[in-house]
Each structure stands twice: as C-alpha cells, then as structure tokens.
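Please open the structure in the viewer and display the backbone as a cartoon. The tour proceeds by successive selections.

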Amino acid sequence: MRYLPKSPDERREMLASIGVRSIDDLFASIPEQFRLKARLSLPGPFSEHEIIEYFRARAAENSCGYTSFLGAGVYNHLRSVVTDSLIQRGEFLTSYTPYQAEISQGTLQAIFEFQTLMSELTGMEVANASMWDGSTATTEAVLMAQRLTGRNRVIVARSLHPEYRQVLDTYTRNLGLRICEVGFTSTGQIDAAQLETAIDNQTAAVVVQSPNFFGVVENVAPLAELAHAKEALVVAAITEGVSLGAVRPPAGADIVAMEAQSFGLAPSFGGPYAGVIATRDKFVRQLPGRLAGETVDTEGRRGYVLTLATREQHIRREKATSNICTNQALCALAVAIHLCLLGKEGLKELAAQNLAKARFALEELEKVPGVRRAFSGPFFNEFTVEFPRSVKMVNAELLREKIIGPLPLGSFYPELTKRALFCVTETTTRAEIERMTAALRQILSNPV
Amino acid sequence: MYPSDYRYTKDHEWIKVSGETGTVGITDYAQHELGDVVFVELPAAGKQVAAGKIFGTIESVKAVSEIFAPVSGDVIEANAALANTPEIINTDPHGAGWLIKMKLSNPTDVSGLMDAAAYQAFISEKEASA
C-alpha cells in the first residue's frame with residue numbers, strides 16, 4: 001500500500017477545486033457535538049530511527065528459548081520463507097475479492113488449486129474456497145447437515161475441540177437446533193454404544209473429530225454406519241491437517257471440516273487461519289461460501305470463475321446458503337503454496353516424523369515414575385497422559401525451566417484435572433523431549 | 001403461447017388440473033426472465049405444499065429463485081428428468097419442463113387463479129411498465 005503525502009499547496013488546490021475553504025468544512029455535516037476536538041492521545045511524532053527503536057524494544061519483550069508441548073488445535077510446524085514472500089506479492093496481498101472473474105484469473109486459479117489440494121487430502125469430491133477457521137467450518141458443516149436433512153438435532157462428541165463446541169453453541173443458539181453430547185471410553189474414542197442409542201430419526205448430524213481432542217484417532221467408518229442407518233449425516237472435524245499424511249481420511253464422512261493452520265500458517269496468537277469444508281458432489285448446492293471453478297472461454301482457453309455464486313450472500317441476500325460472503329484467500333494461498341513446497345512424499349515424511357517423535361516422547365514419559373498413558377487408542381502427534389498431581393501445578397514448575405508444558409485437560413473437562421495433552425511435532429528435538437522428561441522427573445520427585 | 005386450459009399465478013407458475021390432480025410448472029415468461037436454468041430443487045413425493053408458499057428453487061446462470069405453490073396439496077411426483085436436463089424448462093416450459101404433479105386439497109382453488117387471457121394481460125402490463 002502506498003502512502004502519498006501532500007504539500008500544503010496541494011491541499012489548498014484540492015480544497016479550492018471542490019469549493020471548500022478548509023479540511024474541517026468537509027466534516028460540516030457531522031453535528032458539532034460529535035466532532036473530536038481533542039488531539040488523539042498518541043506519542044510522537046517520531047523519526048524513522050525512533051520508530052525502529054520503539055518496535056525493536058517491543059520485539060525484545062517477546063520470550064524466546066522456550067520449548068513448547070502445546071497443541072490442542074494449533075500446531076507448531078516448520079514454515080518456509082518462500083510462502084511468506086510469495087503471499088506478500090502485491091497482486092495477492094492487496095487484491096480485492098474476485099467478483100469480476102475475467103480480471104481475477106490469478107486469484108481464482110489459486111483458490112481452485114487450494115480446493116483441489118483440500119479435496120485430495122480429505123478424500124472428498126469437492127472442497128470450497130475456504131472458511132474463517134476450523135471451528136466455523138465445523139459449525140457451517142452442521143448447518144449444512146441441518147439444511148440437507150431438514151432435521152434439528154445434532155450429536156456432538158465430547159472429544160470434539162471444546163472451543164469448536166463453544167462456537168457451535170454460539171452460532172446455533174437461536175436456530176432451533178438441539179445439541180446433544182456423547183462421551184468417550186477408556187480408549188479415548190467416542191462411546192459408540194452411547195452414540196447408537198443417541199441417534200434418532202430427528203438427528204441431522206453426528207460430529208466427531210479425528211484425531212480427536214485427546215489426540216486419539218477415531219475409527220469413523222463404523223460410526224458412519226450407525227449414523228447412516230438413521231439417515232443422519234456424519235461431520236468429521238480435523239484440527240491437525242498433517243495427520244492426513246499418515247492417517248486415512250475419515251471414511252464414510254459426509255462433510256469434512258478442517259483447520260488448515262498446520263500448512264504454512266504461524267500460530268500467531270490465534271489467527272488468522274483457514275478453515276476447510278469438503279463434501280460429496282451431490283451436496284454441493286448446500287455448501288456454504290464460495291467455490292472457484294475451471295472452465296473454458298468461447299475460444300476454448302482455460303479460465304476460472306466463481307461457480308454457484310448465485311447462492312452467495314451478495315446475490316441472494318437473506319436467502320443465501322450461509323452468512324459466509326468471502327473466503328480466507330490469503331491464508332488459503334499460503335496453505336496451497338506450503339503444500340506444493342512439501343509435495344506428496346514430503347507430507348508423508350513430515351507426518352512420519354511427527355508420529356515417531358510423539359511415540360518417543362510418550363515412551364520417555366512413561367518411564368517417569370507416576371506418569372501413565374491415559375487413553376489406549378491410537379494417536380498421531382498428540383497424546384494424553386495422567387500425572388499423579390494437578391497438571392496446572394506441574395506446568396507452573398516446567399515454565400521455570402523454560403518449558404511450556406502440555407495442555408491441562410481440566411481447563412475444559414473438570415473431571416480430568418490430572419490429565420495432560422502433549423503435542424510433539426517435527427520442530428521438537430530429541431534433546432528437548434529428554435530435557436522435558438528430566439525436568440518432569442525432578443518436579444514429580446519433590447513432595448507436593 | 002399460453003395454453004388456454006392452464007391457470008396462472010402472479011409469481012409466474014402455471015397449473016394444469018385434471019380431476020383432483022394438478023401439474024405445475026413455470027411460465028415461458030418466467031423461464032425467459034431467469035435465463036439458462038442449471039439446477040432445480042424440488043420436494044419429494046408425499047410432501048405437503050401450501051398455496052403461495054415456497055416449494056422449491058430454480059437456479060439459473062443469473063439467480064436462484066423460489067417457486068411458489070399455486071394451490072395447496074400433496075406432491076405426487078417431481079419431474080425426474082430435470083435432475084440431468086434442467087434446460088428443458090427453457091425449451092419446453094409448458095410441457096416437458098413441468099416441475100411437480102400434485103393432489104389438490106381443494107380442486108376448486110384454481111378458480112382463484114388467472115386464465116390465459118388474464119395472465120397475458122398481466123405480463124403485457126408488466127412489460128409496458130418495465
């Protein structure tokens with residue numbers, strides 16, 4: 001974005017040509033009492049040097065040298081500078097939403113490629129141009145199931161990310177949707193028996209996450225059979241996209257809702273990220289948001305368009321498929337570039353590293369007296385262990401050792417205050433894992 | 001142009017009644033206004049529809065529009081041919097491009113709708129004011 005300064009002479013000339021005497025005259029239509037009289041409370045003006053010094057000092061306040069074992073929906077992965085430098089090109093960074101297809105070919109092609117990658121990754125027939133994030137994608141998937149089935153009851157696994165469940169509650173509070181939760185077993189997976197009795201002929205969807213919030217991989221196919229037997233749809237949420245390099249996409253799912261942050265987007269204190277929604281071709285007209293399509297022009301040349309745009313809010317207003325009017329274009333572009341850099345084999349290798357390191361970390365943790373694996377189900381790069389005491393107390397001590405400890409599950413599940421959700425990715429070194437287990441051994445050997 | 005044995009609504013649907021059964025479609029005027037139809041969403045057999053209420057949508061390259069039931073009744077059949085060839089609504093709106101067949105709750109309801117001459121006058125007026 002360019003900043004164009006104006007000299008006092010230029011200002012006078014511009015004001016004269018529109019027939020006003022001063023800049024204040026431009027605001028004459030705003031009643032006197034609503035105009036800001038005081039100066040803005042800002043420091044400065046600063047010289048360039050002072051500004052750089054100011055931000056350098058702020059940057060120095062950032063902590064560094066910490067090792068993190070936090071995951072729970074947001075993951076530390078390696079990112080290439082190639083992604084950031086490409087998405088900062090002006091053509092991508094400042095381009096407006098591609099309403100005018102003929103002049104937005106590059107943007108539309110990028111979206112189309114993102115959609116293609118997401119379809120292939122999730123094993124679904126069609127994916128949209130992206131959503132706000134994984135939580136809103138999951139909620140939109142539920143609303144889609146409500147429209148498709150005409151039913152108003154939704155069954156949600158308690159092992160779905162608790163913040164996703166909060167977003168679902170907020171969105172649906174006034175939509176006449178009843179939400180019912182189903183618990184988990186000692187494997188950490190959804191209680192299939194409880195689920196079977198919960199599904200009735202008013203159930204629009206069953207929502208499960210895999211790997212779930214406890215890090216455990218769900219076996220979605222038999223759950224889908226239970227749901228489909230009552231003509232309910234299955235929404236499968238995925239918070240850790242990298243798992244798809246090692247774990248089969250959720251078989252039998254009708255809608256997949258995914259957070260794509262793991263692919264080239266920094267954790268950045270909670271966003272911006274990119275949500276993914278993918279489904280079966282036959283449900284495409286209830287897919288929220290937008291969809292880029294590939295076509296040919298009158299001369300047979302390849303071109304891109306916004307497909308099904310007639311169902312979007314800018315055309316269909318209150319009757320639109322959803323409130324989503326655009327997409328996370330720049331973040332989706334970062335995801336697409338990151339995946340192209342990784343490649344198919346790269347993604348498999350990345351997933352294998354995550355899995356191997358997580359297994360190693362669990363083995364090391366199990367050697368610490370008093371620590372035990374909490375759930376027996378298979379896991380990817382996150383797993384739950386039980387401590388002999390409160391996780392929050394242990395974490396406070398780990399932090400003194402510059403270790404950001406596991407997520408205390410008690411924050412979301414009051415009955416699980418001693419359970420800790422660890423995340424280990426390719427960024428975690430063997431030395432860091434060993435330093436953490438040594439610190440934990442020391443902490444737990446001290447009397448409470 | 002507009003079959004004399006059909007009845008018409010201000011929302012540009014037609015209904016052809018025989019006994020207690022009616023066939024419903026959109027008029028030639030409507031298909032022309034919509035442009036190329038690409039998709040139609042219709043209710044399943046057995047579904048109840050109410051006069052003046054939405055029973056489906058028609059998607060064209062320009063817009064997605066609601067289709068309103070001319071009279072109340074139960075859906076007997078939706079035109080299955082439209083799933084793969086929705087363009088027959090453009091080529092034959094008053095024939096092969098029909099939308100649903102329905103059992104009328106009250107066959108005399110159609111007398112409240114316009115006949116072909118009244119509909120022709122209605123759209124002429126519409127076009128004149130446009």
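The stops below concern a predicted model and deal with a helix, its neighbour and a contact between chains.

**First selection: helix H6 of chain A.** Select residues 134–149 of chain A, which form H6. At 1.5 Å a residue, the 16 residues of H6(A) should span 22 Å, and the end C-alpha atoms are 22 Å apart, so the expectation and the model agree. Now display the surroundings of this helix. Of the 16 residues of H6(A), 13 are buried, and the helix is therefore largely enclosed by the rest of the structure. Next, move to Gly150(A), which follows H6(A) and has a positive phi, near 70°.

**Second selection: helix H7 of chain A.** Add residues 162–172 of chain A, which form H7. The axes of H6 and H7 of chain A lie 9 Å apart and make an angle of about 50°. H6(A) and H7(A) are therefore oblique to each other, and H6(A) passes H7(A) in a right-handed crossing.

**Third selection: the contact of the two helices.** On H6(A), show Gly134(A), Ser135(A), Thr136(A), Thr138(A), Thr139(A) and Val142(A); on H7(A), the residues that they meet are Glu163(A), Tyr164(A), Val167(A), Leu168(A) and Tyr171(A). Colouring this contact by residue class gives 5 nonpolar, 5 polar and 1 charged.

**Fourth selection: chains A and B.** How many residues of chain A are in contact with chain B? There are 5 such residues in chain A, and they are in contact with 5 residues of chain B. The side of chain A that touches chain B comprises 1 nonpolar, 1 polar and 3 charged residues.

Key. Residues are numbered from 1 along each chain as its sequence is written. Chains are lettered from A and ligands numbered from 1 in the order in which they are written. This is a predicted model: local features need pLDDT of at least 70, side-chain atom pairs count only at pLDDT 80 or more; totals for chains, interfaces and linings use all residues. Axes are lines fitted to C-alpha atoms, for helices over the stretch in contact, and angles run from 0 to 180 degrees between N-to-C directions. Helices (H or I, at least four residues) and strands (E, at least two) are DSSP runs, numbered from the N terminus. Angles under 35 degrees count as roughly parallel, over 145 as roughly antiparallel, 65 to 115 as roughly perpendicular and the rest as oblique. A crossing is left-handed if the near helix is turned anticlockwise from the far one by less than a right angle, and right-handed if clockwise. Two residues are in contact if their C-beta atoms, placed from the backbone, lie within 7 Å. Ala, Val, Leu, Ile, Met, Phe, Trp, Tyr, Cys and Pro count as nonpolar, Asp, Glu, Lys and Arg as charged, and the others, Gly among them, as polar. The expected span of a helix is 1.5 Å times one less than its number of residues. A residue is buried if 20 or more other C-beta atoms lie within 10 Å of its own, exposed if 12 or fewer, and partly exposed in between; C-beta atoms are placed from the backbone.
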